[in-house]
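The following exercises concern a predicted model. Each task is followed by a worked solution.

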Amino acid sequence: MDNPNIVLVHCHDLGKYLGCYDSAVETPQVDALADSGVRFDRHFVTAPQCSPSRSSLMTGRHPHQNGMLGLAHGNWELHDDEQVLPELLREAGYDTHLFGLQHITEYPDRLGYNQMHSDEPLTADAPPSVHESARAREVADEFATMLEDGDHDDPFFASVGFFELHRVEENGDFGFEGERYGAPNPEDVEPLPFLPDEPGIRSDIAEIHGMLSAIDDGVGTITDALESAGLTEDTLVVFTTEHGLAMPRAKGCCSDQGIGGVLLWSHPGTIEPTVVDDLVSNVDVFATLLEVADAPHPETELAGQSFLPLLEDDVEEFRDRIFAGMTWHDRYNPMRAIRTDRWKYVRNFWHLPDVYLTRDIFCSAAGNEVRKTSYGEQRPYEELYDLEADPLEKENLLADGDLEDSPAKTARDRLRADLLEWMESTDDPLLEGPVLPDDWDEIQLQNEV
């Protein structure tokens, strides 16, 4: 087999909340995967929300480039000329499989999979709740069954999407189904450093622990199945997520808690175990997988680049900055951000609450603890954080206005210019003004006579 099999395992709303990233949780199967390969400590996504971030993973381009300015079930779609990862891998001779969720289009046939193993894929005729059926343990079992039943003479690509750690609507509120997943006592969990230690937040953390055990079990099932089939050394396993935890100041925010995510890259016998501390974006994952598979590049211009030189110690610095942003979710929340080793600059393009809460977080125990103290505050148009001195981004250095002559002023001026240049070079629609919702034709008042 000339090219390796590729198994891309991805889940919802995880951030880096794993034992291998020093979080106070037990994730032995994921930690074992990290120990067997590469752990990227500073991997960032292009958007702190589901569909736009996933679109970057699958196209190698930012959401405002590929058309995914909001959620797939919110009438947003990839541009017609976008080519996606499974389609390109199929052209390279891969047998392509979809297990569980995908959540970047309501027209999954356009994705180029040979086989879709999900019984209820997200389509234009299906409610978004269908992807709740993609529970980690069951999806991983389906993948294991595929390995048992197939001959796999051709290399295969499997996208394995887990529903967890997404919140679920429960009696009008949103939680993590603690009873279903066997959540521990809230008194037994560690608080999150970026949130206050309040009862509602603790209860949600405890429920996250329960769901997290399902993700860990699913990863274990996948790696065990590869070993049983004798395919471990023939297979690259990638594990990632699309954004941070579904908690205040994470999901829906351009903080590191919102755009930072797990990225594990394991190919025993080919890649030596190591830790990479360079800045990496999920648009780079796309470019790297194309190189691994010797697959054709799309005709559109990529925003990412292959990070294989990092794994071969063949580059001094891979990136000096990453970009991220958000436009539409369940509300209009337009912002763009640039992050370097030391600085984070965020530009907000609308009148917004200090902490934006997606609906599932707003209607949650943790959201209730935070919104009463911060949701009524106005978010500034500009934010600047010194990540060396303030890694949790608690002090906006632009809050007091005049910076005088200081490193912060130099950083603000440089990053402001760099962000504008990037927005211009990628034809960001925010430069033309507010981005209308994709159902604007239904909203606007028209004379029907």
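**Exercise 1.** Determine which residue follows helix H9 and what sign its phi has. Then establish how the span of H9 compares with expectation, and whether H9 is largely enclosed or not.

*Solution.*
1. The residue after H9 is Asp294, and its phi is positive, near 55°.
2. Helix H9 comprises 12 residues, 282–293. From first to last C-alpha it reaches 17 Å, close to the 16 Å expected at 1.5 Å a residue.
3. Buried means under 20% relative accessible area. The buried residues of H9 include Asn282, Asp284, Phe286 and Leu290.
4. Because 11 of its 12 residues are buried, H9 is largely enclosed by the rest of the structure.

**Exercise 2.** Locate Glu187 and decide whether Glu187 is buried or exposed.

*Solution.*
1. Glu187 belongs to the loop between helix H6 (178–181) and helix H7 (199–228).
2. The relative accessibility of Glu187 is 61%, so Glu187 counts as exposed, the cut-off being over 50%.
3. Pro155 is 32 residues from Glu187 along the chain, and their C-alpha atoms are separated by 47 Å.

**Exercise 3.** State how many disulfides the structure contains, and explain why Cys11 has no bond to Cys50.

*Solution.*
1. A disulfide requires two cysteine sulfur atoms within 2.5 Å.
2. The cysteine sulfur closest to that of Cys11 is in Cys50, 11 Å away, which is too far for a bond.
3. Cys20 is likewise in no disulfide: its nearest cysteine sulfur, that of Cys11, is 11 Å away.
4. Across the whole structure, the search finds zero disulfides.
5. As to accessibility, Cys11 counts as buried at 0%, and Cys20 is buried at 10%.

Conventions. Residues numbered from 1 in each chain as written. Predicted model: local features only at pLDDT ≥ 70, side-chain atom pairs only at ≥ 80, totals over all residues. Heavy atoms only, no water. Helix = DSSP H or I, 4+ residues; strand = E, 2+ residues; numbered from the N terminus. Expected span 1.5 Å × (residues − 1). Buried < 20%, exposed > 50% of the residue type's maximum accessible area, 1.4 Å probe, protein only.
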